[in-house]
Structure formats: structure tokens, C-alpha cells
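Please examine the structure below with its surface, its pockets and its charged pairs in mind. The paragraphs that follow take these topics in turn.

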Amino acid sequence: MLELYVSGTEQNSGKTFITAGLAATMQCLGYSTSVYKPVQTNAIEKNGFIQAPDLAYVKFIDPYIKTYFSYLFPQKAVPVLAAGSSGVTIEREKIIQDYEQIFHESECIITDGSQGLAAPLTGSLLEADLVKSLGVPVLLVVSPEKTTVNNIIMTLNFAKSRDIAVRGVILNEYPDDSADLNIKNLPRLVEEYTDAKVLGILQHIENLKNIRPDDLITNILYGIDVESVFNIKIAKLSM
């Protein structure tokens, strides 16, 4: 079983884009793949139904990928506040049970986190605690122009302090012609000041909402070390 928990340092890091791209890629490579969203905030109403926009994007990329969620809230807030506004308490046990059920239905499970490892789910439960309970390695997605070196290093070291396995870092929307020294040197800084490896660098892609699935998969395969992300040798990639 291939398992991965995709997290970010801030909203709009491209976390869901990377999740969808990796899921479509693994499905294309012959692995039955599921994407699980434990908590979806900022849900949208469409045709009289509340919809998880992150999972809808995954389905847009590949309708054959199975998608699941445990909690769905319309409020745009950290999970504990969004849940409170809906009169709901997020339960760790429910998420674990849902995850275990999905575990037996797919060969690859990619869990799409909410707003970062330190995001509170309840009064005493952070997203990092949930990741630890699931026992799943983390892939951190970073948008260099939307966060700071400080936040990236702090997030990675926070994961280490919680004894969470970090599979690696993806730099998304990376401007290779930037004059910003922090951005130009970010891959080196990540690997020099943390235990994490940069496993992929993707440049800016226009019009993500309408990207062709084949183009997305091509970008993932050329920009990300997929074998290292999932810690597995894939025959089709070794030919």
C-alpha cells in the first residue's frame, strides 16, 4: 500500500493541485488511487448541494480516482472554527475509521490536508497529531513566492519534533528567473537547514483550472521524483 499525506505551509500553496497531479499520475501508472480529504473547509454550494472543491478538482483531472471526505464545512476558517460554526466536533476516531476503510479499497491513498500541520482540528488536536495517528509520511508543498524560508524551515522542524516522517518537499510555482536570493537559494536552504529533500520543482502553470490531464501528468513526471515521493521503484519509470 502506498500512502502519502500532502500538507502545505499556507493556503494557496498548490497543495491540492499537486495532490490531483500525483493521484492522476499514479492512476495512469496502473495503481488504483484514492484521494481522501479528512476536513474540507470553504466548501461551495452547487445545484443545491454542498461540494468539496478540492475533491471536485481531483475528479476534474481524473473522474476514475475515488474521492472521500469525513467533514465538510462551508466556512472559510481553520477546521476547529469551521466545525464550531456548524455545531460539529471533529473526531479523530471517525477520521481514522474512514481512513482504514479506504485503505482496503485502493493501492495508493493520498490524503489532502487542510491548512498545515499546526492547524487546530479541535481544542486539543492539531493536524500534526492526526498525521501521527495515521502513521502516514508527509509531503510538504511550498509556493516560494507565498511563504518565507523561516516558515518552511519551522514547519519541517515542527514535523521532526512530532516524530512525523517527512518524505520530502515540492517547490510549486517556482520562478527560475527570480532575482530574490531567498527564492534562488531555496532548494539548498531546505536541504542544508532541515533533514528534508527537495523532490520536485514545478514552474508556474497558467490556467490550472482548465489544464489538460495529460499535460498535468507530464508536468508531474518531468518535475517530480515520483519514485522518491512514494518510496517505491516503478517499473514504467525505470524503462
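Y222 counts as exposed, because its relative accessibility is 74% and the cut-off for that class is over 50%. This residue belongs to helix α9, which covers residues 213-223. Together with L221 and L237, Y222 makes a nonpolar surface patch of about 330 Å². The model is a predicted one, and every value given here is computed from it.

From the surface, the description turns to the pockets. The largest pocket holds about 970 Å³ of space. It is lined by 30 residues, of which N12, T16, F17, P53 and D54 are the closest to its centre. Four elements each give two or more residues to this lining: α1 (15-28), β2 (33-40), β3 (44-46) and α2 (53-61). Among the contributors, α2 provides the largest share, with five residues. In terms of class, the lining of the largest pocket comprises 13 polar, nine charged and eight nonpolar residues.

The second largest pocket has a volume of about 170 Å³. Its lining includes G8, T9, Q115 and G116, as well as N151, M154, T155 and F158. Helix α6 (residues 149-161) supplies the largest share of this lining, four residues. Six residues of the lining of the second largest pocket are polar and five are nonpolar, while no charged residue takes part.

D54, named above for the largest pocket, also takes part in a salt bridge. Its partner is K37, and the closest N and O atoms of the pair are 2.7 Å apart. The contact joins distant parts of the chain, since K37 lies in strand β2 and D54 in helix α2, 17 residues apart. Both partners are buried. The pair also belongs to a wider network of salt bridges that links K15, K37, D54 and D112. In general, side chains of opposite charge can pair when their charged atoms come close.

The count of salt bridges comes to 12. One of them joins D215 and R212, with an N to O distance of 3.1 Å. D215 is partly exposed because its relative accessibility is 33%, and R212 falls into the partly exposed class at 49%. Another salt bridge is formed by E227 and K233, at 3.8 Å from N to O. Here the partners belong to opposite classes: E227 is buried, with a relative accessible area of 16%, whereas K233 is exposed at 68%.

Which backbone positions merit attention? Most residues other than glycine have a negative phi. D163, although not a glycine, has a positive phi near 60°. This residue sits in the loop between α6 and β8 (166-171), and it counts as exposed because its relative accessible area is 57%. N231, likewise not a glycine, has a positive phi of about 55°. Its place is the loop between α10 (226-230) and α11 (235-238). With a relative accessible area of 60%, N231 is exposed.

Loop residues in this model need not be exposed, as T147 shows: this residue is buried, with a relative accessible area of 13%. T147 lies in the loop that runs between β7 (138-142) and α6. Relative to D54, T147 is 93 residues away in sequence, and the distance in space is 21 Å from C-alpha to C-alpha.

Definitions and conventions
Residues are numbered from 1 along each chain as its sequence is written. This is a predicted model: local features need pLDDT of at least 70, side-chain atom pairs count only at pLDDT 80 or more; totals for chains, interfaces and linings use all residues. Side-chain values use heavy atoms; hydrogens and water are left out. Patches are made of residues with over 30% relative accessible area and no salt bridge: like charges are joined within 9 Å, nonpolar side chains (Val, Leu, Ile, Met, Phe, Trp, Tyr) within 5 Å. Accessible areas come from the Shrake-Rupley method with a 1.4 Å probe; for residues, only the protein chains shown count as cover. A salt bridge is a side-chain nitrogen of Lys or Arg within 4 Å of a carboxyl oxygen of Asp or Glu. Buried means under 20% relative accessible area, exposed over 50%, partly exposed in between (1.4 Å probe, protein chains only). On a 1 Å grid over the protein atoms alone, a cavity is a set of points where a 1.4 Å probe fits but cannot get out, and a pocket is an open set with protein on both sides within 12 Å along at least five of seven lines; lining residues have an atom within 4 Å of a point. Grid points are joined across faces, edges and corners, and a volume is the space filled by probe spheres set on the points. Ala, Val, Leu, Ile, Met, Phe, Trp, Tyr, Cys and Pro count as nonpolar, Asp, Glu, Lys and Arg as charged, and the others, Gly among them, as polar.
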